[in-house]
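Biologist: I would like to go through this model one question at a time. Please explain each term when it comes up.

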Amino acid sequence: MASLSLSVPYAILPSIQQTQLIDDDDDDPMTVDRSIFSLAEKKRYEWKNMLKDHVGAWCIGSSHGWIVFLDQNGVPLLLNPSSSTIINLPPLPLSFLHPLTYSYFAEHLRKTFIVKAILMCYSSPSSYTLAIIYGCNRKIAYCNSTTWVELSNDRQSYCDIVFSNNHLYALTQDGSIEVWNISGPIPIRWIFLTPTMVVNYEEEKSYFGDNFSTNLYLVVSGEDILLVKRFIGNFVNDDGLVVEEEDLLSSEDTQPLICPYKTKYFTVYKLDIEDKKWKKMKSLHDKILFLDANESVSMDAKTCLGCEANSIYFTDDRWEEMNLDYMYGGHDWGVFNLQEKYVKSLVQCADRIDPPPIWVVPVPQDCSNLHA
C-alpha cells in the first residue's frame, strides 16, 4: 500500500484484484486483501493482508479508528489497521441467536445479523465496551471485554447507537431517544424522550411514498444531538429517476429492468430538549458527517483533508439486499452537500460492491492506545 496517513478518513473496499462478481451461491470472498479509498487523495490503494490472515472475514462496522469484523465462524474481533493490533472478543451468546444454532448463524446470517457495531474506550488502555444492534428485531447488546449483556427493553427496534460521555445513546424507529448508563453491573436507562419532529413537508414530499425507503441515523456533534433522515429511491434508472416497480416489466421483455436503489436526499434535525422537538437544520456549517455501518460521526471539515464542509459522506448499509441481484449491494455511496442538495459519486461503480464500503475516521486520543 502506498504511504499515507491512516488518521485521514478513508473507505475500506474489496481488493482491487477482486474483479469478478461474486455469484449469489458463492461463499465469502476467500481473501484477506482489501483496498482503501483515500478522501484526501481521491485515490484507491491496495492493502495486502489487511485482515491479518482471517480468510473470509466480514466487516460489520468501524469505530474510533478500529474495525469490527466476524471471522468465518461468526466470532467477533477488533482490528486496528494502523497498528495491526487484534483483540479477540467472546462469541455471541446462544440466547441472542435462539432458536438458531451457531453454525447456522455463521454460515447463513453472518453478513446481516449485526447491523451496527460501535466501540467505547475508557481511560485504561485495556478497557473497552463494544455495543451492537443485532437480529431481525434490532435489539441492543454490549460486551465489557468478557461478558455480553442485552439491554432489557421491550420498545420497538433500534436504528442507531452512539457513545458519548461514557453513555450509550440509542435511536428508535419512531425518533425516540434513550440514554443508557452501562458502566455498572446492570444497565440503567437514564433518559427516555420522544420528541415531535418539525417536518418541512413541502421540501420532503417528493421523497415520501412507496417509491422511497427511509433510514435514520443518530449523531452527537459537540453539545448537539442530531437525527439524520436518509431518503433512498427503491428503483432508480440510469437517468437518476426514481421509477415505479411495475415499470420494470413490459410486455415486450419478460426480464425485468435492473434499477437498483440509490440515495437521493438527506435532511438533518437537531434535538431541542426543552421543547422536546426535532428541529430541522438548514446547514451543518463547518461540520461533516460520516454515516453507514461505522459509528455515526460528526467532524470539523478542516481536520479532514479532501472533505467538503456542510456535507454528509455515506456508504451502503442495506446489507440484507446484498444478494438480491448482481446490481444490488454496496454500490450506494457518495457525498451529499446540504447547500447543493444533490448526491455526488466518489468512485464510479455500476455493479455490486461485496463487501460494501465502510468508513474509517480519525482516531480519538482515548482509543489510540487500546491493546489486547
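Modeller: A salt bridge is a side-chain nitrogen of Lys or Arg within 4 Å of a carboxyl oxygen of Asp or Glu. This is a predicted model, in which local features need pLDDT (the predictor's confidence in each residue, from 0 to 100) of at least 70, side-chain atom pairs count only at pLDDT 80 or more, and totals for chains, interfaces and linings use all residues. Residues are numbered from 1 along each chain as its sequence is written, while side-chain values use heavy atoms, with hydrogens and water left out.

Biologist: How many residues apart in sequence are the parts that Arg230 and Asp317 tie together?

Modeller: The side chains of these two residues meet in a salt bridge, at 3.8 Å from N to O. Arg230 lies in strand E18 and Asp317 in the loop between E23 and E24, so the pair ties together parts whose separation is 87 residues. Helices (H or I, at least four residues) and strands (E, at least two) are DSSP runs, numbered from the N terminus. The value asked for is 87 residues.

Biologist: Is Arg230 buried or exposed?

Modeller: Buried means under 20% relative accessible area, exposed over 50%, and partly exposed in between, with a 1.4 Å probe and protein chains only. Arg230 has a relative accessible area of 1%, so it counts as buried.

Biologist: Which residue forms a salt bridge with Lys280?

Modeller: The closest N and O atoms of this pair are 3.3 Å apart. The pair links distant parts of the chain, 77 residues apart, with Lys280 in strand E20 and its partner in helix H3. Lys280 is partly exposed because its relative accessible area is 27%. The partner is Glu203.

Biologist: Is Glu202 buried or exposed?

Modeller: Glu202 forms a salt bridge with Lys205, the closest N and O atoms being 2.9 Å apart. Lys205 has 49% relative accessibility, so it is partly exposed. Glu202 has 56%, so it counts as exposed.

Biologist: In what order do the five strands of the open sheet stand?

Modeller: The pairing is mixed, and two strands pair if DSSP finds at least two bridges between them. The edge strands, each pairing on one side only, are E22 and E25. Within the sheet, E23 and E24 pair in the antiparallel sense over four bridges, with Ser311 opposite Asn337. The order is E22-E21-E23-E24-E25.

Biologist: How many residues join E14 to E15 in the hairpin?

Modeller: Strands E14 and E15 run antiparallel and are joined by five bridges. Asn181 stands opposite Ile188 in E15. The hairpin goes through six residues.

Biologist: Which strand gives the largest share of the largest nonpolar core?

Modeller: A nonpolar core is a set of buried Ala, Val, Leu, Ile, Met, Phe, Trp, Tyr and Cys residues joined through side-chain atoms within 4.5 Å. This one has 43 residues, and Leu78, Leu92, Ile114 and Ile132 touch the most other members. The largest share is five residues, and it comes from strand E5.

Biologist: Over which residues does pLDDT stay under 50?

Modeller: The protein chain averages a pLDDT of 86, and 87% of the residues score at least 70. Where pLDDT is low, the predicted coordinates should not be read in detail. The stretch under 50 has 13 contacts (heavy atoms within 4.5 Å) beyond four places in sequence, and it covers residues 19-28.
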